[in-house]
Amino acid sequence: MKQASLNAVCHPQIQSLLRSNKAKLQEWINGLGSPLHLVFPEMFQQNIVSFKQVLERHQVDYQLLFAKKANKARCFAAVCAQENIGIDVASVAEFELALAAGVSGADIGVSGPHKSEPLLRLAMAHNALIAIDSVNELSDLACLAAGAGQAQPVRILLRIRPQSQKKSRFGLAGSELEQALAFCLEWRRHIQLLGFSCHLSGYCTRQRGQAGHQLIDYIEQARQLGLGCDRINIGGGFAVSYLDSPDWRQSLDYEAFHADKAFGGFYPYHNPVAGADALHQVLLEENEQQLSLGRRLRELSLTVLLEPGRALLDQAGISLFSVQGCKPVSGTSDCHIATVSGMSFSLSEQWFNTEYLPSPLLISEQKDEEDALYKVAVAGNSCLDDDMLSWRFIAFEQYPKKQDVIAYINTAGYQMDSNESAFHSTEPPRKVAVMLTGDVITWQLDNQ
Ligand SMILES: Cc1ncc(COP(=O)(O)O)c(C=O)c1O
């Protein structure tokens, strides 16, 4: 069995926190409950710096926006303000959190399909940059802006559905562009078209680069009409490498899943080119005239906007679940189910009919005498049969006991809180912002 292929990549400072501070983890859980999410704003900040370094190496004007939806913790929004980057929001609540963290309205990007009137009004009042999803939304916003009698026109981008995303429900099709541009010209007193945006599903750097070129072609088209566009937004979708091993998919052949559970697919857990390196690849991507995206951005004096969520959160959080008990699985000779305090709503992947594969760690105060391996699936404490955090039987060197802690690694990007629920009248789990640099670990409750 090759379970090592599914060992989670874990930053050395986080490894040392888990190894050397077991009593502290226990204290936090005793005081603040299980599950408990630890978030690491310094990791987030380092990722921002890596993205900035790549953009500066390519000598392009840029604006980074953190895709807020990827994690609700306040500490990440505060780091955005400190690092002078923007935030991409898709709701009134996210907008308010960005402002409260100290991000200026002009650095807030508003995305999402046909947005509500309160969100559009808030965005207009704070001079935010609104990505328009359809011709109908464009005309609604223009009427709203005209009615509001603002001195400044509303700043917008037109969100495009790139050729590689034909099945997406978001953005304008190429065939709708002419109509949208004519509308922007006609309504220029109320709306100011600054450029074009897109967001691609998947993680292909080539497709992202090509989409960037397509957006620049549209800029040239709009400029010919007299619209002074100067920026493109290529969205998020920079991969994270959760597993070191390129063989992780093959290793699944050796894995057993509770109730023979099968999944349609998994996140690409190993990515040789991830995060800021993926952005570097995107900027190197050439068009048919062999001009790289970076070069075209420089030569046309364009600003590139990016909205990474997951990649900025790489290694920026872990999720701790305390064990309530463990039992054998009937009908198997050596498999067990550990029930934890918490539910799989706090590990989102299950709710997309797939599984978070990086193996969690079992943290126990006492070491078992026996040298053995125990195959354990991890279940939530709800009354739902499907409430499993890990259907996979994970090999633990210890038998999980009451009060042991199961730690899922690298969960800040979407896993920990995008699907959380108050099912069974439980409070949503708490978060603690933990600072790891320095001699002493410091922490603060992050009341999202
Ligand atoms: C418009 C938009 N921007 C940015 C993102 C962030 O994507 P990621 O977290 O993969 O970087 C998303 C994710 O759905 C999105 O829809």
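Where is Gln 315 found? Gln 315 is in the loop between strand S9, residues 303–306, and strand S10, residues 317–328. I start there because most residues other than glycine have a negative phi, and most peptide bonds are trans. Gln 315 has a positive phi of about 65°, although it is not a glycine. Gln 315 is also buried, with a relative accessible area of 7%. One caution before I go on: this is a predicted model.

Next, a second backbone case. Tyr 414 is not a glycine, yet its phi is positive, about 75°. Look for Tyr 414 in the loop between strand S15, residues 405–409, and strand S16, residues 430–435. Is Tyr 414 buried or exposed? Partly exposed, with a relative accessible area of 24%.

Stay in that loop. Thr 411 is found between S15 and S16 as well. Thr 411 is buried, and its relative accessible area is 0%. What does Thr 411 touch, leaving aside neighbours within four places in sequence? Thr 411 is in contact with Gly 317, Ile 318, Ser 319, Leu 347, Tyr 356 and Met 416. Gly 317 is on that list, and strand S10 spans 317–328.

One more backbone item. A cis peptide bond joins Ser 34 and Pro 35, with omega about 0°. Pro 35 lies in the loop between helix H2, residues 22–32, and strand S1, residues 36–39.

Now the annotations. UniProt, in an unreviewed entry, places the feature "domain: Orn/DAP/Arg decarboxylase 2 N-terminal" at residues 51–245. In the model, that span is 41% helix and 17% strand. The C-alpha atoms at its two ends lie 24 Å apart.

The UniProt annotation "active site", again from an unreviewed entry, covers Cys 383. Which loop holds Cys 383? The loop between strand S13, residues 374–379, and strand S14, residues 388–396. Cys 383 counts as exposed, because its relative accessibility is 60% and the cut-off for exposed is over 50%.

On to helix packing. Helix H7 runs over residues 135–148, and helix H8 over residues 177–186. Their axes are 10 Å apart, at an angle of about 10°. H7 and H8 are therefore roughly parallel to each other. Which residues make the contact? From H7: Val 135, Leu 138, Ser 139 and Ala 142. From H8: Gln 179, Ala 180, Phe 183 and Cys 184. By type, the contact of H7 with H8 has six nonpolar residues, two polar and no charged.

Cys 184 leads me to the cysteines. How many disulfides does a search of the whole structure find? Zero. Cys 184 is in no disulfide; its nearest cysteine sulfur, that of Cys 229, is 8.0 Å away. Cys 184 is buried, with a relative accessible area of 1%.

Then Cys 204. Why is there no bond from Cys 204 to Cys 198? The closest cysteine sulfur to that of Cys 204 is in Cys 198, at 12 Å, which is too far for a bond. A disulfide needs the two sulfur atoms within 2.5 Å. Cys 204 counts as partly exposed, at 30% relative accessibility.

Cys 229 comes back in the next stop, helix H9. Ala 222 is found in H9, residues 205–224. Ala 222 counts as buried, at 0% relative accessibility. Leaving aside neighbours within four places in sequence, Ala 222 is in contact with Leu 181, Phe 196, Leu 227 and Cys 229. For a distance, take Ala 222 and Arg 189. They are 33 residues apart along the chain, and their C-alpha atoms are separated by 16 Å.

Last stop, strand S11. Ile 337 lies in S11, residues 335–340. Is Ile 337 buried or exposed? Buried, with a relative accessible area of 10%. Not counting residues up to four places away in sequence, Ile 337 touches His 258, Gly 325, Cys 326, Lys 327, Val 329, Val 376, Ala 377 and Ala 379. How far apart are the C-alpha atoms of Ile 337 and Phe 393? They are separated by 8.2 Å, with the two positions 56 residues apart along the chain counted as the separation.

That is the tour. Over to you.

Conventions. Residues numbered from 1 in each chain as written. Predicted model: local features only at pLDDT ≥ 70, side-chain atom pairs only at ≥ 80, totals over all residues. Heavy atoms only, no water. UniProt positions renumbered as here; feature names shortened; annotations may be inferred. Helix = DSSP H or I, 4+ residues; strand = E, 2+ residues; numbered from the N terminus. Axes fitted to C-alpha atoms, helices over the stretch in contact; angles between N-to-C directions. Parallel < 35°, antiparallel > 145°, perpendicular 65-115°, else oblique. Contact = heavy atoms within 4.5 Å. Nonpolar A, V, L, I, M, F, W, Y, C, P; charged D, E, K, R; others polar. Buried < 20%, exposed > 50% of the residue type's maximum accessible area, 1.4 Å probe, protein only.
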